[in-house]
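Here is a request from someone meeting this structure for the first time: take the descriptive words used for a model one by one, and show in each case what earns the word.

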Amino acid sequence: MGTYVELLSNLLQTFILLWFISKFFGWKSSVVAKKIVFISFWLITFIEVVFINSIIIYEGVLAVIVIITHIIYATMFLNGNLFIHIFIALFAEAIIYSASSIILFVFSYISGSSIADLIVNFDICRIQMTVIIRVVECAVFSSIVKVNDKYILTKKEWIVFISMPLITWIAVTLMTNAAIISKDILPHMFYIAVIMVFINIITYYFMFKIRQDSNTKLEYELLKMQHENIKSTESNMKALFESIYSLKHDLDKHLFAVKDMAERNDCKEIEKYISGIIEHSAESVQKVIFTDNDIFNAIINTKLAICKQKKITTTVSIDNEAVSCLQNECITVIFGNLLDNAIEAAEKTTERVLSLVVTLKREYVSVYVENSFNQEYSDITLETTKKNKTAHGFGTKNVRRVVEEYDGMYQHFLGDTGRFCSHILLPKGSISAKIKK
């Protein structure tokens, strides 16, 4: 009877773990037969736990096998990058073993039984302890899923955060093994385990706080861009009105001139004259981009206004459907930084050209930026050429970080025309999955 209850407990625990990881990240859109994949890895994890329990009294150290399985599962089938996959796999195990050990210590202290007896022997106390552990695990994991958000951190930040649940898992395992050997240190182990849990709560809180601070900063930048866009749009509309009014004012003169040339049957002169009018109108009127995304409009139109001021010739091709697939944070970081870098490089050249193409390529949103650049002032490796390297060079790193977060691809190269090219591909499924979350 005890064996069956133990197997049922392990089956439930592995289900809770895999459910939490799946809900936290969400499935990649390319994954088919999700239920079969979930059940397969659930059974694999269950078999691993049963095998570990059959060869060792306390499986803390060998839980690394389960952690690796969960990292593989998340990397293959779920959204997110490798760093957060590792963090959550370790964090989940740290919660499992911290909760189990603390409850184990409490029951040992109350009942007077040793840790080893509580683990090995099957009685009513063991059943009560197992039920409480599973309930605590469900409550903790459900709470985390409800407040889950997307975390965009640097590699160094991820390493720091990953180290905390890793240390907790190792420490709790060592403490529990020590408590099994010596009952006298049980109270001390209990206090240390509680402290380790508290440290992990603080760690997760700081991750949440960093995310909130990033959102606040992002909202400020978006409001700033919207304000700049309003001023730029007002100026552009005024210039457009003045240009149209000027053209209307001189329309009768142009028509008389064309009529005179037509009477003389001078078709080439008519073509040249009309081309001159069109070219003059195009030069005097600022390009204005309109899509369904106001944030995208704000950023692109502001950058186009800057290009006009710096006399940079721009070519823009925007697919509204592609823009609608992008999240505002993604738009802000990618287009803001890419265009700032392109404008800065283009203005240091005699050619002064910049091209932007945003389109859909099958299941990907393609962002392509091409600009003239001077090798003397630009570095093809994308390392900042400014003297103060600590204050610059973050733009491209932020772009790469966001692209990686959305499981995309980012490359930069020297094109056939001798211009600097940046190309980003973002899978639509990854973007839409994060938006839904």
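Q: Why is Lys 348 called partly exposed?
A: In this predicted model, Lys 348 has a relative accessibility of 35%, and since buried means under 20% and exposed means over 50%, Lys 348 falls in between and counts as partly exposed.

Q: What makes the contact between Lys 348 and Glu 344 a salt bridge?
A: The side chains of Lys 348 and Glu 344 meet at 3.8 Å, N to O, and because the cut-off is a side-chain nitrogen of Lys or Arg within 4 Å of a carboxyl oxygen of Asp or Glu, the pair qualifies as a salt bridge. Glu 344 is partly exposed as well, with a relative accessible area of 27%.

Q: What makes Glu 351 and Arg 419 a salt bridge, and which parts does the pair tie together?
A: Their side chains meet at 2.5 Å, N to O, which is within the 4 Å that the definition allows. Glu 351 lies in the loop between α13 and β2, and Arg 419 in the loop between β4 (409-414) and β5 (420-427), so the pair ties together parts that are 68 residues apart in sequence. Salt bridges that share partners also join Glu 351, Glu 370 and Arg 419 into one network.

Q: How do you know that Glu 351 is partly exposed?
A: The relative accessible area of Glu 351 is 40%, and because the partly exposed class runs between the buried limit of 20% and the exposed limit of 50%, Glu 351 belongs to that class.

Q: Why is the pair of Phe 24 and Phe 25 called edge-to-face?
A: By the ring-pair rule the count comes to 12 aromatic pairs. One of them is formed by Phe 24 and Phe 25, with 5.2 Å centre to centre and 75 degrees between the planes; because ring centres need to lie within 6.5 Å and planes over 60 degrees apart count as edge-to-face, the pair meets both conditions and is edge-to-face.

Q: Are Phe 24 and Phe 25 buried or exposed, and how do you know?
A: Phe 24 has a relative accessibility of 2% and Phe 25 a relative accessible area of 4%, and because buried means under 20%, Phe 24 counts as buried and so does Phe 25.

Q: What makes Ile 68 partly exposed, and which patch does Ile 68 help to make?
A: Ile 68, in helix α3 (residues 64-77), has a relative accessible area of 45%, and because exposed means over 50% and buried under 20%, Ile 68 is partly exposed. With Val 64, Ile 65, Ile 72 and Met 76, Ile 68 makes a nonpolar surface patch of about 400 Å².

Key:
Residues are numbered from 1 along each chain as its sequence is written. This is a predicted model: local features need pLDDT of at least 70, side-chain atom pairs count only at pLDDT 80 or more; totals for chains, interfaces and linings use all residues. Side-chain values use heavy atoms; hydrogens and water are left out. Patches are made of residues with over 30% relative accessible area and no salt bridge: like charges are joined within 9 Å, nonpolar side chains (Val, Leu, Ile, Met, Phe, Trp, Tyr) within 5 Å. Accessible areas come from the Shrake-Rupley method with a 1.4 Å probe; for residues, only the protein chains shown count as cover. Helices (H or I, at least four residues) and strands (E, at least two) are DSSP runs, numbered from the N terminus. Buried means under 20% relative accessible area, exposed over 50%, partly exposed in between (1.4 Å probe, protein chains only). Rings of Phe, Tyr and Trp (its six-membered ring) pair if their centres lie within 6.5 Å; planes under 30 degrees apart count as stacked, over 60 as edge-to-face and the rest as tilted.
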